[in-house]
Amino acid sequence: MGRTFAQKALERASGEKDLVPGQIVDAFPDLYMSHTASWRCIRTLERMGWPELYDVDRIAMVMDHIAPADNAKTAGYHALCRDFAQRSGVRKFFDVNAGIAHVVLMERGLVKPGEVIIGTDSHSTIYGALGAFGTGVGFSEITATWVTGKLWMKVPESIRVEVDGPLARGTYAKDVMLRLIGDIGADGATYCSVEFHGSYVEAMSVSERMTLCNLAMEMGAKNAFVPPDATTRAYLDEAGADPASYEVLLPDPDAEYRQVERVDGRSLVAQVAVPHTVDNVVPVTEVAGTKVDQVFIGSCANAKYDDLAIAADVLAGKTVAPGVRLIVTPASSRIMAKAASDGIVSTLLAAGATITNPGCGACAGVGGAMADGEVTFSTANRNFQGRMGSYHSRIYLGSPATAAATAVRGVISDPQELLA
Amino acid sequence: MSMSTAVGGRAIVFGDDVNTDVIIPGRYLVSIDPAELAEHAFEPLGPEVQQRLRESAVVVAGRNFGCGSAREQASTCLIGAGIGAVVARSFSRVFFRNAINTGLVAVECPDAVDAIEDGGEVLVDYTAGTVTVGSGTFTFAPYPPGLRVILEAGGLIPYLMREAEAGQRG
């Protein structure tokens with residue numbers, strides 16, 4: 001019987017052979033990512049009596065969730081992390097100016113095919129966009145791995161998702177994922193490895209693949225995967241990842257899948273997740289006309305360069321509707337620099353957007369909070385109650401194009417109507 | 001003397017897809033103290049739910065309990081509130097890991113969930129693999145040995161500290 005990507009990745013990381021789903025193994029991850037939660041790991045290490053680190057070069061820290069610090073307490077946490085990184089020799093340390101951890105690590109060549117990467121963030125599934133096995137864990141597990149180098153992992157079953165394209169006009173990777181999450185539910189892929197295949201996936205950019213793999217978490221996936229190809233290779237080359245430093249792992253043609261899901265991108269329409277769950281998904285037409293107070297274009301799901309470019313296309317020459325706040329938070333400083341140099345930032349500013357520094361921003365509840373009764377249309381990956389300010393506010397999720405169209409009209413709108 | 005592996009008491013019952021932002025809102029993640037976190041557990045659902053949580057020993061839920069964020073405080077805030085076990089139809093994988101790794105008993109037992117009433121008494125024996133509700137007893141697959149030792153040590157970090165100490169004593 002052939003093996004899935006997950007079986008191969010965990011065999012590589014555990015040194016064991018012939019793993020089958022359900023088995024529990026000790027895996028040795030290649031990279032341990034911790035974001036602003038790094039201070040919790042450091043405090044835990046202190047509690048353990050400062051044991052020796054297994055391999056400091058596998059530690060990556062990115063200060064993204066609360067960046068820059070918003071009060072003396074969080075500033076103290078940041079100081080603790082900086083001090084620890086310097087004392088311990090953590091070279092993969094990125095401060096508050098870098099952006100969202102996942103995107104920062106990928107664009108700097110620190111995420112490579114075949115690797116097992118754990119992170120203190122559920123959306124670590126995103127690393128599958130480069131053919132890596134990424135999964136979220138708690139901070140105690142990161143600290144334990146700092147010390148022991150290993151972590152228990154259950155070998156997951158796999159789900160194969162086939163996406164055929166090209167996508168209908170006005171629809172994007174976000175719409176594909178919202179439709180899929182709506183179809184199989186918030187727990188439809190719990191504990192599973194989700195592999196994305198099909199003609200549309202092959203034609204996608206790495207950025208779009210990030211959106212797929214990121215949102216796989218919202219159906220409960222343990223990890224996600226897109227087979228590395230020439231597109232992946234070109235991205236990695238530009239990011240400075242030495243091809244000799246990684247091994248591409250591909251599922252066998254006769255690998256066993258728990259289920260196969262198909263999304264026909266050609267007949268897709270823009271999708272919206274309505275409050276308060278991500279699997280509460282409807283076509284945009286069903287909620288079109290809903291008044292919004294704020295639009296947020298940000299997060300590791302949809303604030304990459306092409307996401308900002310799509311939003312700028314919709315907003316070019318137009319202005320944000322009166323009374324609506326448009327907040328744009330680029331995913332990384334590199335993305336922001338590129339968007340600034342080619343006019344995207346000025347287009348957004350001219351339309352009336354507030355552009356914040358790169359990072360998690362309003363998605364993590366920092367800046368862009370809502371008052372009682374307010375509504376935000378967001379490109380992020382979660383619409384849970386109270387996530388952005390008041391417990392009595394509402395969050396709708398959709399693509400950057402739908403968000404931009406909604407900002408222009410002041411009500412949830414189908415982007416098709418505004419795309420030239 | 002064998003260690004007791006049963007935990008139980010009054011149950012508080014929730015529905016499906018209870019997410020981490022509801023269990024412990026992101027704004028409180030600036031703490032890792034269980035008692036401090038417990039004050040804000042389930043805050044979005046209002047003070048009445050919070051009060052009932054504090055009077056309960058077992059959280060009972062439907063499908064996909066703890067979906068969302070990887071925040072470990074979703075488990076520790078429950079421990080701080082005096083919860084000894086969570087019985088659910090199913091868990092999100094990160095919540096399940098965090099529960100074991102912080103020493104919180106988490107078992108999947110749909111039949112028991114059907115039988116438990118809000119405010120009723122529940123007893124979970126994770127060695128026997130049983131959930132007792134009134135006169136009914138429901139079974140679930142016991143933990144693999146590797147996970148059980150972590151749980152019984154009080155979580156992953158206490159487990160590693162104990163192992164390191166044992167190693168030094170040689």
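How many nonpolar, polar and charged residues does the lining of the largest cavity have? It has five nonpolar, six polar and four charged residues. That is a good way into this structure, which is a predicted model. Let us start with the parts, then look at the spaces among them.

## Two domains in chain A

The domain assignment splits chain A into domain 1 (5-263) and domain 2 (274-417). Taken over C-alpha atoms, the centres of domain 1 and domain 2 of chain A are 24 Å apart. In chain A, 38 residues of domain 1 touch 32 residues of domain 2. Together, domain 1 and domain 2 of chain A bury about 2800 Å² between them, and carbon and sulfur atoms give 55% of that area.

One salt bridge is counted between domain 1 and domain 2 of chain A. You can also look for A:Glu218 and A:Arg382, which form a salt bridge whose closest N and O atoms are 3.0 Å apart. Keep A:Glu218 in mind, as this residue comes back below.

## Where chain A meets chain B

Now turn to the second chain. The contact involves 44 residues from chain A and 39 residues from chain B. The area buried between chain A and chain B comes to about 3400 Å², with carbon and sulfur atoms giving 58%. Of the area that chain A buries against chain B, 20% is supplied by A:Trp152, A:Asp187 and A:Tyr391, more than by any other three residues.

Three salt bridges are found across the interface of chain A and chain B. B:Asp21 forms a salt bridge with A:Arg387, and their closest N and O atoms are 3.0 Å apart.

## The enclosed spaces

The structure holds four cavities of 30 Å³ or more. The largest cavity has a volume of about 110 Å³. Its lining counts 15 residues, and the closest to its centre are A:Ala186, A:Glu218, A:Phe384, B:Asn64 and B:Cys67. Here is A:Glu218 again, the partner of A:Arg382 in a salt bridge.

Why does the largest cavity lie between domain 1 and domain 2 of chain A? Domain 1 (5-263) and domain 2 (274-417) of chain A both give residues to its lining, so the largest cavity lies between them.

The second largest cavity holds about 60 Å³ of space. Residues that line the second largest cavity include A:Tyr172, A:Lys174, A:Glu208, A:Asn302, A:Asp306 and A:Pro400. Helix 6 (173-184), helix 8 (206-216) and helix 11 (305-315) of chain A are the elements that give two or more residues to this lining. Helix 11 of chain A gives the most, with three residues. Domain 1 and domain 2 of chain A each provide at least three residues to the lining of the second largest cavity.

## The largest pocket

The largest pocket has a volume of about 720 Å³. Of its 47 lining residues, the closest to the centre are A:His65, A:Ala364, B:Gly26, B:Leu29 and B:Arg71. Helix 2 (38-47), helix 3 (72-88) and helix 4 (101-107) of chain A are the elements that give two or more residues to the lining of this pocket. Helix 3 of chain A has the largest share, three residues. At least three residues come from each of domain 1 and domain 2 of chain A.

## Linings by class

| Space | Nonpolar | Polar | Charged |
|---|---|---|---|
| Largest cavity | five residues | six residues | four residues |
| Second largest cavity | four residues | two residues | five residues |
| Largest pocket | 19 residues | 18 residues | 10 residues |

Conventions: Residues are numbered from 1 along each chain as its sequence is written. Chains are lettered from A and ligands numbered from 1 in the order in which they are written. This is a predicted model: local features need pLDDT of at least 70, side-chain atom pairs count only at pLDDT 80 or more; totals for chains, interfaces and linings use all residues. Side-chain values use heavy atoms; hydrogens and water are left out. On a 1 Å grid over the protein atoms alone, a cavity is a set of points where a 1.4 Å probe fits but cannot get out, and a pocket is an open set with protein on both sides within 12 Å along at least five of seven lines; lining residues have an atom within 4 Å of a point. Grid points are joined across faces, edges and corners, and a volume is the space filled by probe spheres set on the points. Ala, Val, Leu, Ile, Met, Phe, Trp, Tyr, Cys and Pro count as nonpolar, Asp, Glu, Lys and Arg as charged, and the others, Gly among them, as polar. Domain bounds come from an automatic or database domain assignment. Helices (H or I, at least four residues) and strands (E, at least two) are DSSP runs, numbered from the N terminus. Contact means heavy atoms within 4.5 Å. Buried area is the accessible area (1.4 Å probe) that two parts lose on being put together, summed over both. A salt bridge is a side-chain nitrogen of Lys or Arg within 4 Å of a carboxyl oxygen of Asp or Glu.
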